[in-house]
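Reader: Hi! I am going through the backbone of this chain, and I would love a close look at the part where the strands pair, plus any unusual backbone angles. Could you walk me through it?

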Amino acid sequence: MDDIFYEKTLYRILRGRLRYKVGDLVLYIYEPDEELLEESFDVYEAAYKKAYFGDVYIKEELLELLMQYELWSPFDDREADKIEKQIEELKVTAFRSFFKIKQLRGIKANIRFLEKKVVEYRSKKVCLDHLSCEGVASFSRSIWIIDNTTKTIDGTRYNWIKGSLSDAMAYYNSNQINASTFRRIARSEPWRSMWNIGKQQSNVFGKQSSECTRDQMALCSYSSMYDNVHESTESPNEKVIEDDDCLDGWFIVQRREYEKNKKQREIDDLITNPKISNAQEIFVVTPDQESANKLYELNDPISRGTIKSRQQQIQDAGELKFTELADVKQDIAMQQHQAYAQKVKGGR
């Protein structure tokens, strides 16, 4: 998309409205204010109640039908979670391969493919939502909002003598601003200058934050995100910042490093006793399983592998002494070998 598209979208956000044409008639679909949003929930509740007593399904009942006819199962959600982890790893690889143009292009293609797979898996669970009480109520609320926010050029509420309300809502829904567009606008001119000046005045849109539209708040959120990136002591290359996938990879690397350091601090807090501070292994008694799980997470991947291996050995043998565990026997053998080598070396 060209710069004109992004600048046009910026001014749509600033004005808080979407331009909608019906033939030669120009209408504007405005973002709802606080008063309308508050009232819209009354519409939702009334529609939900009517649907519920009209024997319309609730979401839980539809999930049972989806499972009965094999249209969805918890397996689909687990697969989506699994693919999202793969996407996360690919974004880290993209960040680390930024200057390898050909390799980066292939990684990005793989990310886009996997993102579509996630949507396929996630959409199975909600494919019948429009038939539920919640879906009917949400539709009624949305159509009511569009009806009350669509106006002519002179600002009067439109009476729908031309065009249809459902078409207007479909147009509005199909023109939602995606994350990629928000990010491009947030890091580019002319918005960056507007943002920086607005921050100095503590009033970017000339109104209270509670009065900002959903799109305006989203744009501010992404702008703050880019501020944080630039202010970081480990801020990446500017070209990396302009690449959404690579910057996501940088965020993931930073998050993992933070979590690693946090775990180390938690471990250090557990071993403040100087008698055990240099111990290879520390056994801690926990009051419940939840505490045990949290403590387990403090172990690094190698230590977790050792724990699982020991659990399997004990399960297979039924009972084992500590010195009979495979990794312990290996450590003892290593220590004996080193002691022997030192002895031989000292005798020369």
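Author: Happy to; here is a tour of the strands, followed by the backbone angles. Please keep in mind that this is a predicted model.

Let us begin with strand 1, residues 17-22, and strand 2, residues 25-30, which run antiparallel and are joined by six bridges. One of the pairs puts Leu18 opposite Ile29 of strand 2 as its bridge partner. The hairpin that these strands form has two residues between them, and there Gly23 takes a positive phi near 65 degrees. Strand 2 also pairs with strand 3, again antiparallel, through three bridges. Here Leu27 has Thr152 in strand 3 as its bridge partner.

Now to the angles. Most residues other than glycine have a negative phi, and most peptide bonds are trans. Following strand 3 (150-152), the loop that leads to helix 7 (165-174) holds Trp160. Phi of Trp160 is positive, near 60 degrees. Trp160 is buried, because its relative accessible area of 15% falls under the 20% cut-off.

Glu70 also has a positive phi, near 55 degrees, and sits in the loop between helix 3 (59-68) and helix 4 (74-96). Glu70 is exposed, since its relative accessible area is 73% and the cut-off is over 50%.

Last comes a peptide bond: Glu189 and Pro190 are joined in cis, with omega about 10 degrees. Pro190 belongs to the loop that links helix 8 (179-186) and helix 9 (191-200).

Definitions and conventions
Residues are numbered from 1 along each chain as its sequence is written. This is a predicted model: local features need pLDDT of at least 70, side-chain atom pairs count only at pLDDT 80 or more; totals for chains, interfaces and linings use all residues. Side-chain values use heavy atoms; hydrogens and water are left out. Helices (H or I, at least four residues) and strands (E, at least two) are DSSP runs, numbered from the N terminus. Buried means under 20% relative accessible area, exposed over 50%, partly exposed in between (1.4 Å probe, protein chains only). Two strands pair if DSSP finds at least two bridges between them.
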